[in-house]
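Good morning, and thank you for coming. I would like to take you through a structure that is new to most of this group. Please look at the display before I begin.

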Amino acid sequence: MPRFFVCASQIETEEGSAKRVRILGEDAHHIVRSLRMREGDSITVCDMARREYTCRILTLDKDCVTAGVLSVCLSAAEPPYEAVLYQALIKGDKFDHVVQKAVECGVCRIVPFLTERCVVRLDKAGAEKKRQRWQRIAKEAAKQCGRGIVPQVCELLYYKEAVAEAAAAELPLFCYEGEEQYSLPQAVERCRHPKTISLIIGSEGGFSASEAAFAVQSGMCSVGLGRRILRTETASSFVLACLSFAYEMKNS
């Protein structure tokens with residue numbers, strides 16, 4: 001069933017219950033022109049607050065589609081935790097891949113940041129242009145995999161800003177190829193039911209020793225990811241999949 005995301009102002013209520021949904025702009029155009037849907041067809045609408053609405057189309061116009069709400073439920077696709085990915089900038093279109101796969105694996109926010117060894121350097125204008133592209137990729141990935149929210153792609157941060165934010169999570173993971181003593185399974189075992197998780201992934205060149213030391217001093221949990229060295233565009237999906245297995249699949 002086609003899936004669309006709307007804001008709260010597009011949901012009309014009567015006596016506290018959702019009755020109708022208005023789908024506007026590009027999504028309305030997609031329903032009418034691309035999908036060629038008709039009155040009476042069914043769609044799924046998500047309100048960006050982890051609720052899903054099963055709806056039936058009432059009226060169609062290229063700028064506005066109105067649908068009646070048949071039922072409402074909490075999204076079953078959302079993890080029982082909020083995971084935020086802090087991903088260092090990487091070359092080419094690799095960041096596109098990271099965004100798409102992170103959304104599929106359940107992340108709720110993606111924060112790009114700069115490190116000492118980042119090859120890619122962006123000014124504010126360039127970073128914002130990239131962010132808008134990554135946000136579109138996140139939205140399409142959320143639709144494709146049945147998410148209940150569209151994960152947010154945030155503004156570019158400097159390294160110390162990213163670490164300061166990430167360290168506030170209940171399970172703050174600093175994924176470091178130089179970590180030989182402490183592993184991801186050990187970290188997960190020590191934190192059984194985290195509500196918030198952060199993971200920091202470096203660029204192609206990894207982190208410098210001083211950056212790793214700063215992360216630990218700031219409260220991050222430095223973890224190794226096994227015996228193989230993963231590419232930066234692979235590491236985030238690997239960690240998020242491990243978290244899903246530990247906190248979702250084992251408890252379902």
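Let me start with a question: are α2 and α7 roughly parallel or roughly antiparallel to each other? Please bear in mind throughout that this is a predicted model. The axes of helix α2, residues 94-104, and of α7 cross at roughly 10° and come within 9 Å. Angles under 35 degrees count as roughly parallel, and α2 and α7 are therefore roughly parallel to each other. On the α2 side, the contact is made by K94, H97, V98, K101 and A102, and on the α7 side by E233, S236, S237 and L240.

Allow me to step back to the whole chain. The protein chain holds seven helices and 13 strands. Its C-alpha trace spans about 60 × 40 × 30 Å along the principal axes. Of its 252 residues, 48% count as buried. If we take the contacts between residues at least 6 apart in sequence, 72% of them join residues at least 24 apart.

I turn next to the interior. The largest nonpolar core has 63 residues, and those with the most contacts inside it are F113, L173, F174, L199, I200, L243 and Y247. Which helix gives the largest share of this core? That is helix α7, residues 232-247, which contributes six residues. A second core, separate from this one, has 18 residues, and F4, V6, C55 and V65 are among them.

Two residues toward the end of the chain deserve a closer look. Setting aside residues up to four places away in sequence, L243 touches Y81, L171, L173, V188, I197, L199 and E248. The next residue to consider is S244, which lies in helix α7. Is S244 buried or exposed? Its relative accessibility is 15%, and buried means under 20%, so S244 counts as buried. Apart from its neighbours within four places in sequence, S244 is in contact with Y81 and M249. Y81 is therefore a residue to find on the display, as S244 is in contact with Y81 and L243 touches Y81 too, contact being heavy atoms within 4.5 Å.

Let me move to the sheet. Six strands form an open sheet with mixed pairing, and their order is β1-β4-β5-β6-β3-β2. At the edges are β1 and β2, each of which pairs on one side only. From one strand to the next, the twist averages 35°.

Within that sheet, β2 pairs with strand β3, residues 17-24, in the antiparallel sense over four bridges. These two strands form a hairpin with two residues between them, and E15 in the turn has a positive phi of about 55°. Beside the turn, E14 stands opposite S17 in β3. Strand β3 is also joined to strand β6, residues 64-74, by five bridges, and β3 and β6 run antiparallel. Across this pairing, R22 stands opposite T66, and I23 stands opposite V65. V65 has already been named, as a member of the second core.

A helix accompanies these strands. Helix α1, residues 25-34, lies across β1, β3, β5 and β6, and runs at about 85° to β3.

There is also a loop to point out. A8 lies in the loop between β1 and β2. A8 has a relative accessible area of 61%; since exposed means over 50%, A8 is exposed. Where A49 is concerned, A8 is 41 residues away in sequence, yet the two are 8.8 Å apart in space, C-alpha to C-alpha.

I shall finish with one more helix pair. At what angle do α4 and α6 pack? Helix α4, residues 159-166, and helix α6, residues 209-217, pack at about 30°, and their axes are 10 Å apart. That angle makes α4 roughly parallel to α6. Their crossing is right-handed. The residues that meet there are Y159, K160 and V163 in α4 and E211, A212, F214 and A215 in α6.

Thank you for your attention.

Key. Residues numbered from 1 in each chain as written. Predicted model: local features only at pLDDT ≥ 70, side-chain atom pairs only at ≥ 80, totals over all residues. Heavy atoms only, no water. Buried < 20%, exposed > 50% of the residue type's maximum accessible area, 1.4 Å probe, protein only. Core = buried A, V, L, I, M, F, W, Y, C linked by side-chain atoms within 4.5 Å. Pairing = 2+ DSSP bridges. Axes fitted to C-alpha atoms, helices over the stretch in contact; angles between N-to-C directions. Parallel < 35°, antiparallel > 145°, perpendicular 65-115°, else oblique. Left-handed = near helix turned anticlockwise from the far one by under 90°.
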